[in-house]
Amino acid sequence: MAGFRDIDKALFPIKSINTVVQLFRNQLESPSVPDLALLSIVSGVIENSLTSRSNTALQVCEPVEQNNLPVLELKTVEILYNKFRSIMLNAVEANKSKGFATRELVKKVSDVIWNSLTRSYYKDRAHLQSLYSFLSGNKLDCFGVAFAVVAGCQCLGFNDVHLALSEDHAWVIFGENGTETAEVTWHGKGNEDKRGQEIGKGVSARSWLYVNNKPVVCTRHMEVAALVSAINPSLNSTHDAYEVALLQQELLWLLYDLGHLKKYPMAIGNLGDLEEISATEGKVPCKVLFEEAVFSARNYYSNQHVYPYTYQGGYFYRNKMYEEAFESWANASNVIRMYNYSRDDEEIYKEFLEIANELIPHIMKIESSGFSANTILKKPKCFADLLRFYDGICQWEEGSATPVLHIGWAKPLVLTISRFDADVRAQVNIVCDKSEENMLMKKNGTYFNNNNNYDKENGTTSNESPSVKNSNDKDNSPFHPSIEALTAA
Ligand SMILES: CC1(C)CN=C(N2CCN(c3ncnc4sc(CCF)cc34)CC2)S1
């Protein structure tokens, strides 16, 4: 049984980040599993006290003393904690046997949360992810509702209910084998919620939103990692609250060191972003963290996730490592090409749009004007990775009900391709393996292929390495016709 134990209460009143980290360590290392409600309330109160309007007077100097938080009294947390427990216990007549959760039980808990929410509020606002936001303001964002359902089920003694996370949605798994799934929150704007229904059986199963049924299925400890990842240090659109960011970074390192981020690529990426801003002495560098996020996605989720590559590409871009950025973005595109684009995939569409129409053109401008001898414009591998990037987006569109590309994509694309001289383009040797529908790109004599062969039709993947076929005849081209036309030019 989780809970608010005496050794946790002994840490109050909490005045420093170190004490909050100790509370999380107590909970994460306790013989019983961590109490999600307690930890979400504590982190939520701290986040809101440091980022609410009353606290926007910018602290010009960083606090140096050990007591770097507004005092958090035990009473404050106890009142909120007991309020959440009573909402759950009063509303849900959980059958005492406590066995495994049922779909009705999960739906009932989701309804309790859902019906408590304020009628209408700006859902994308910051700081709406925690149980503090739910208990003090009856407001939650999409992730916050899913998290609250899992925390509520924990309160009721259902330890089989766990959070399942894709890159832009959250739902729950439950039941004896943890194989039952249920929607418990909404997604996106203007979409009817599907609460209570099983996850993605229809066309949505092909969309990126459900990551080809390779979601991050959390343990209680990984659910703590999700609430820590969801901590939002934003004070306003330009500044972060220093102590909230520091608390999030220290809690992510605690979870990382305890091994609870191994199967959670986005949490590793979040830690990488924080480390890039301010590196922690004696820890692996952020570049390695981004590589570990990519490894985790490849190792545990069959390389069906896009964000690990865009975390990594964004890092390379910000640090002017453009050749490496192109490779990461090509690898991101290599993932999305296996999906069908659907209206639920706006977030990743915006991600690829920004890379193609803002970031790559910016790099081209710099590389074309400067006299850098080492320019990427002389590197066949860069041209090859760019083609892979664009081709993946074209393949993403193929077979989708909704188009991806429009004229706005073409101008930056043509401008980018044309920046490479013919003699550089000629050095890229494109090899296709027709039977596997996989494009093999030759770079520096080694064959580069996708690490799994995905048949878009039957949605199956096989991992044997595809044989290499010659692609001289036109109809055997590995590229989407529009890319083929460009490379012929
Ligand atoms: C490379 C990026 C644009 C930088 N930040 C990114 N994200 C920020 C952190 N994100 C996340 N970080 C940890 N866990 C989760 S679960 C989830 C789906 C809704 F529940 C999102 C998300 C989403 C992705 S991707």
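This report looks at how a ligand sits in a predicted model and at two helices beside it.

## About the model

This is a predicted model, in which local features need pLDDT of at least 70 and side-chain atom pairs count only at pLDDT 80 or more, while totals for chains, interfaces and linings use all residues. Residues are numbered from 1 along each chain as its sequence is written, and side-chain values use heavy atoms, with hydrogens and water left out.

## Around the ligand

Let's start with the shell. The ligand is surrounded by 15 residues (each has a heavy atom within 4 Å of it), and the closest are F143, Y264, N270, Y307 and Y311. By class, the shell holds seven nonpolar, five polar and three charged residues. Here Ala, Val, Leu, Ile, Met, Phe, Trp, Tyr, Cys and Pro count as nonpolar, Asp, Glu, Lys and Arg as charged, and the others, Gly among them, as polar.

Which side chains place a polar atom 2.7 Å or 3.1 Å from a ligand nitrogen? Y264 does so at 2.7 Å, and N270 at 3.1 Å. For Y311, a side-chain N or O atom is 3.4 Å from a nitrogen of the ligand. The protein covers 74% of the 560 Å² of accessible area that the ligand has on its own (Shrake-Rupley method, 1.4 Å probe).

## Two helices

Helices α10 (265-277) and α12 (307-318) each supply at least two shell residues (helices are DSSP runs of H or I, at least four residues, numbered from the N terminus). The largest share, three residues, comes from α12.

The axes of α10 and α12, lines fitted to C-alpha atoms over the stretch in contact, come within 9 Å and cross at roughly 15°. The two helices are therefore roughly parallel (angles under 35 degrees).

Technical notes: A polar contact is a pair of N or O atoms within 3.5 Å; within protein, one must be able to donate a hydrogen and the other to accept it, and residues adjacent in sequence count only if both atoms are side-chain atoms. Axes are lines fitted to C-alpha atoms, for helices over the stretch in contact, and angles run from 0 to 180 degrees between N-to-C directions. Angles under 35 degrees count as roughly parallel, over 145 as roughly antiparallel, 65 to 115 as roughly perpendicular and the rest as oblique.
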